[in-house]
Amino acid sequence: MAAAYERRALGIGSHWPFDQWGRFLPEHTTAVSLLDRLLHHSIVVVTEGESFRMRQARTRDPARHTKK
C-alpha cells in the first residue's frame, strides 16, 4: 500500500463498511491509517444488493448459507 500511495491507481472491493475495518485488521490504528491513504484522492462507489458469489454459493449448498 505504501509503495503505491499516490503513484498508482488501486481498485479495492469489500463487503465491509469502512467503520468495521478495524474488526479484521490487527490494530484499529492500522485500519485508520490504511483507510486514510485509500480514501485520499479516491472515488468511492457503493453498490447495493446481494453478492453474485454469495448467491451462487447458496445455489450450490443452500443449507450451509442459511441464517439462523
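**Notebook: contacts, core, salt bridge, pocket**

I began with contacts between residues at least 6 apart in sequence: 37% of them join residues at least 24 apart. I note here that the model is predicted.

Next I looked up the secondary structure. I found two helices and zero strands. Then I checked burial across the protein, and buried residues come to 12% of its 68 residues.

I turned to the nonpolar cores. The largest one has five residues: Trp-21, Leu-25, Ala-31, Leu-35 and Leu-38. I recalled that in soluble globular proteins nonpolar side chains tend to be buried together.

I picked Trp-21 from that core and listed its contacts, leaving out neighbours within four places in sequence. Trp-21 touches Ala-31, Leu-35 and Leu-38, among others. Its list also includes Ile-12, Ser-14, Trp-16 and Leu-34.

I searched for salt bridges and found one. Its partners are the side chains of Arg-58 and Glu-50, with 1.9 Å from N to O. I asked whether each partner is buried or exposed. Arg-58 has 30% relative accessibility, so I entered it as partly exposed. Glu-50 has 42%, so I entered it as partly exposed too.

Last, I looked at the largest pocket, which holds about 930 Å³ of space. It is lined by 32 residues, and those closest to its centre are Ile-12, Gly-13, Ser-14, Phe-18 and Val-45. I sorted the lining by class and got 17 nonpolar, ten polar and five charged residues. I saw that Ile-12 and Ser-14, named at the pocket centre, are also on the contact list of Trp-21.

Terms used: Residues numbered from 1 in each chain as written. Predicted model: local features only at pLDDT ≥ 70, side-chain atom pairs only at ≥ 80, totals over all residues. Heavy atoms only, no water. Core = buried A, V, L, I, M, F, W, Y, C linked by side-chain atoms within 4.5 Å. Buried < 20%, exposed > 50% of the residue type's maximum accessible area, 1.4 Å probe, protein only. Contact = heavy atoms within 4.5 Å. Salt bridge = Lys/Arg side-chain N within 4 Å of Asp/Glu carboxyl O. 1 Å grid on protein atoms, 1.4 Å probe; cavity = no way out; pocket = protein on both sides within 12 Å on 5 of 7 lines; lining within 4 Å. Points joined across faces, edges and corners; volume = space filled by probe spheres on them. Nonpolar A, V, L, I, M, F, W, Y, C, P; charged D, E, K, R; others polar. Helix = DSSP H or I, 4+ residues; strand = E, 2+ residues; numbered from the N terminus.
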